[in-house]
Amino acid sequence: MGVPDADGQGPPDGLPGLPPEWGRVVVPDDASALADEARQVRRELRRVRPGPGRRAGPARLGLPVLILLVSVLVTLAGLAAVTWPRTTRSGVPTVLPRSTTAPQPVGPLPALDLVGADDTPVPLRSLLPAMIILVDACACAEQVGTAARAAPPGVTVVTVTEGRSAGPASVPGVRPLGDPAGGLRSYLHLSPHPGTAVALLVDRQGSLVRVVPELGPLSDYGADLARLRG
């Protein structure tokens, strides 16, 4: 049952009534009768709501901008520290000492039979330890002579020419051989370059200790050549 209104009138349909403190509520048939109340409500809403030109609150943009600026400065400082050229305290560049340890073997020397001056087969492994110089692209007599004079006792210096002809012994103390099948260059995957001689340093066990792609001054390979005697 509903609660009676201020005049003691209860709801006709049994629904709950309105609070007594509201008084008597009259709903007009014409909505224009509520124009004064509508204007009063609009005035109160305008007073509470900020205008279109006003800000709802102070904009707090200073702190995010400051954080972004500091991050950019820190990043630029880090990049400058990494890329800035550095020098030693004395102003002299550091020179690393040359290693005196024996080089690691490149690989085993293939068991090839080359051809001597009298067309007899010469097993290449029978000449070890040896310095083998490929002279089919350059006779390089001066460099070959330097190597022959620097070779320690017991180390054979061999010149190899691709083809069946071993060639003349142009340098004293050097044994010329021919490589009919071109097996050495095929094994090394080296093509001949005009004016360049390639040298191979092979120890007593048949290990290819070093490949000198361009035979030059003795200082480039002298230490390794001396170790072949051991």
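The legends below go with a set of close-up views of this predicted model.

Residues are numbered from 1 along each chain as its sequence is written, and side-chain values use heavy atoms, with hydrogens and water left out. Since this is a predicted model, local features need pLDDT of at least 70 and side-chain atom pairs count only at pLDDT 80 or more, while totals for chains, interfaces and linings use all residues.

**View 1. Arginine 185 pairs with aspartate 136 across a long stretch of sequence.** The two form a salt bridge, with their closest N and O atoms 2.8 Å apart. To count here, a side-chain nitrogen of Lys or Arg has to sit within 4 Å of a carboxyl oxygen of Asp or Glu; by that rule there are three salt bridges. Arginine 185 belongs to helix α4 (residues 183–188), whereas aspartate 136 is in the loop between β4 (130–134) and α3 (141–150), so the pair links parts of the chain 49 residues apart. Helices (H or I, at least four residues) and strands (E, at least two) are DSSP runs, numbered from the N terminus. Arginine 185 is buried at 8% relative accessible area, and aspartate 136 is partly exposed at 27%. For those words, buried means under 20% relative accessible area, exposed means over 50%, and partly exposed is in between (1.4 Å probe, protein chains only).

**View 2. Here is the company that arginine 185 keeps.** Skipping neighbours within four places in sequence, arginine 185 is in contact with Leu134, Asp136, Glu162, Leu190, Ser191, Pro192 and Val198. Contact means heavy atoms within 4.5 Å.

**View 3. Aspartate 224 has two arginine partners, arginine 210 and arginine 227.** The side chains of aspartate 224 and arginine 210 meet in a salt bridge at 2.8 Å, N to O. That pair links distant parts of the chain, with aspartate 224 in helix α5 (residues 222–227) and arginine 210 in strand β8 (residues 207–212), 14 residues apart. The bridge from aspartate 224 to arginine 227 comes in at 2.7 Å, N to O. This second pair stays inside helix α5, its members three residues apart, or about one turn of the helix. Shared partners join Arg210, Asp224 and Arg227 into one network. Aspartate 224 is buried, with a relative accessible area of 11%; arginine 210 is partly exposed at 24%, and arginine 227 is partly exposed at 32%. As a general reminder, side chains of opposite charge can pair when their charged atoms come close.

**View 4. Three spots where the backbone deserves a second look: proline 129, cysteine 140 and histidine 189.** Some background helps: most residues other than glycine have a negative phi, and most peptide bonds are trans. The peptide bond from leucine 128 to proline 129 is cis, with omega near -5 degrees, and proline 129 lies in the loop between β3 (121–123) and β4. Cysteine 140 has a positive phi, near 45 degrees, and is found in the loop between β4 and α3. Histidine 189 has a positive phi too, near 60 degrees, and sits in the loop between α4 and β7 (198–202). Is each of these last two buried or exposed? Cysteine 140 is buried, with 11% relative accessible area, while histidine 189 is exposed at 72%.

**View 5. Helix α3 has a buried side and an exposed one.** Val144, Gly145 and Ala147 are the buried residues to look for in α3. They cover an arc of only 160 degrees around the axis, so they fall on the same side of α3; the arc is taken from the directions from the helix axis to the C-beta atoms. On the other side of α3, Glu142 and Arg149 are exposed. What do the buried residues of α3 pack against? They pack against β4, β5 (156–162), β6 (174–179) and α5.

**View 6. A nonpolar patch shows on the surface.** Leu68, Leu69, Val72, Leu73 and Leu76 make up the patch, and together they have about 490 Å² of accessible area. Leucine 76 is located in helix α2 (residues 62–83). Patches are made of residues with over 30% relative accessible area and no salt bridge; like charges are joined within 9 Å, and nonpolar side chains (Val, Leu, Ile, Met, Phe, Trp, Tyr) within 5 Å. The accessible areas come from the Shrake-Rupley method with a 1.4 Å probe, and for residues only the protein chains shown count as cover.
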